[in-house]
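Welcome, and thanks for taking a look at this protein with us. Have the sequence and the 3D view open side by side, and we will walk through it together.

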Amino acid sequence: MNAFFAKKIFDPELAERVKSEFIDNMSYITNLEIKSYKKVSVKDESHWLWLAVDDMLKSNIGPEYSLLQRVTILRYDPGDYFDRHQDGPWNSAVSFHLPKHFYGGIEICEKSEFEGGEFFIDDENIPFQKGRLFTHGWDTWHGIRKLTKGRRWSLDFLIFKEGNEHSLI
């Protein structure tokens, strides 16, 4: 389920629009045992960000895939992090009625904008590439190492395969 897609990358102008439009609307999320970062979610399926990410999914993975529930904008400032975790158990506890899904993300800043803050899967740092779509399973161990300088932005979302609530493939 861990995969990287760059057939269509996220538009750099839209990435800048995300940063400028949402910077003042973010909530500070902290549970110092596991995480510290800022976020805001878009749940409106007609919002420009939802439509742009959904189009990117369909272009890279296939027309039968779409967003589920939300697109979350994540911002990490110096000292912020998200320790090794799995998304599925938490999301399943929050909403028992979610269909089968997996997760996606897009880096929307340049690597030169921050230091530290590496995204990792199974404790292995993943090479940074702005605008590329990546996916991982609900039970994949992953996280963001502590940011030491600058500001790191990314998008996080759930992905659903249309017409198939029981399988991801």
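## A word on burial, and a first example

A residue counts as buried when its relative accessible area is under 20%, as exposed when that value is over 50%, and as partly exposed in between. Keep this in mind for S36, whose relative accessible area is 3%, so S36 is buried. Please remember, too, that this is a predicted model.

S36 sits in strand β3, which spans residues 35-42. Which residues does S36 touch, not counting those up to four places away in sequence? The list is Y28, I29, T30, Y76, D80 and Y81. One of these partners, Y81, is 45 residues from S36 in sequence, yet the two are 5.4 Å apart in space, C-alpha to C-alpha.

## The protein as a whole

Now let us step back. The protein has three helices and 13 strands. It has 169 residues, and 50% of them count as buried. The exposed surface comes to about 8500 Å², with carbon and sulfur atoms supplying 52% of it.

How much of the contact network links distant parts of the chain? Taking the contacts with a separation of 6 or more, 80% are between residues 24 or more positions apart. The pair S36 and Y81, with its 45 residues of separation, is an example of such a long-range link.

## Two helices side by side

Two packed helices are described by the angle between their axes and the distance between the axes. Here, helix α1 (residues 12-22) packs with helix α2 (residues 48-60) at an angle of about 150°, and the axes are 12 Å apart. An angle over 145 degrees counts as roughly antiparallel, and α1 and α2 are therefore roughly antiparallel to each other. Their crossing is left-handed.

Which residues bring the two helices together? From α1 come L14, R17, V18, E21 and F22, and these meet W48, L49 and A52 in α2. By character, the residues of this contact divide into six nonpolar, no polar and two charged.

## The loop after α2

The chain between α2 and β4 holds two residues worth a visit. P63 is found in this loop, and its relative accessible area of 66% means that P63 is exposed. E64 lies in the loop between α2 and β4 as well, but E64 counts as partly exposed, at 31% relative accessibility.

What does E64 contact, leaving aside its neighbours within four places in sequence? The partners of E64 are F160, K161 and E162. E64 and E162 are 98 residues apart in sequence, while their C-alpha atoms are 5.2 Å apart in space. P63 and K161 are likewise 98 residues apart along the chain, and their C-alpha atoms are separated by 9.0 Å.

## A buried leucine in β12

Is L147 buried or exposed? With 1% relative accessibility, L147 counts as buried. This leucine lies in strand β12, residues 147-150.

Leaving aside neighbours within four places in sequence, L147 is in contact with Y76, D77, P78, G79 and D80, with F114, E115, G116 and G117, and with R152. Of these, P78 is 69 residues from L147 in sequence, and the C-alpha atoms of the two are 4.9 Å apart. Two names may look familiar: Y76 and D80 are in contact with L147, and they are also touched by S36.

## Two residues with positive phi

Most residues other than glycine have a negative phi. Where in this model does phi turn positive in a residue that is not a glycine? One place is Q69, with a phi of about 75°. Q69 is found in strand β4 and is partly exposed, with a relative accessible area of 34%.

Another is D123, whose phi is near 70°. D123 lies in the loop between β8 (119-121) and β9 (124-125). At 47% relative accessibility, D123 counts as partly exposed.

Note on methods: Residues numbered from 1 in each chain as written. Predicted model: local features only at pLDDT ≥ 70, side-chain atom pairs only at ≥ 80, totals over all residues. Heavy atoms only, no water. Helix = DSSP H or I, 4+ residues; strand = E, 2+ residues; numbered from the N terminus. Buried < 20%, exposed > 50% of the residue type's maximum accessible area, 1.4 Å probe, protein only. Contact = heavy atoms within 4.5 Å. Areas by Shrake-Rupley, 256 points an atom, 1.4 Å probe, with all protein chains shown as cover. Axes fitted to C-alpha atoms, helices over the stretch in contact; angles between N-to-C directions. Parallel < 35°, antiparallel > 145°, perpendicular 65-115°, else oblique. Left-handed = near helix turned anticlockwise from the far one by under 90°. Nonpolar A, V, L, I, M, F, W, Y, C, P; charged D, E, K, R; others polar.
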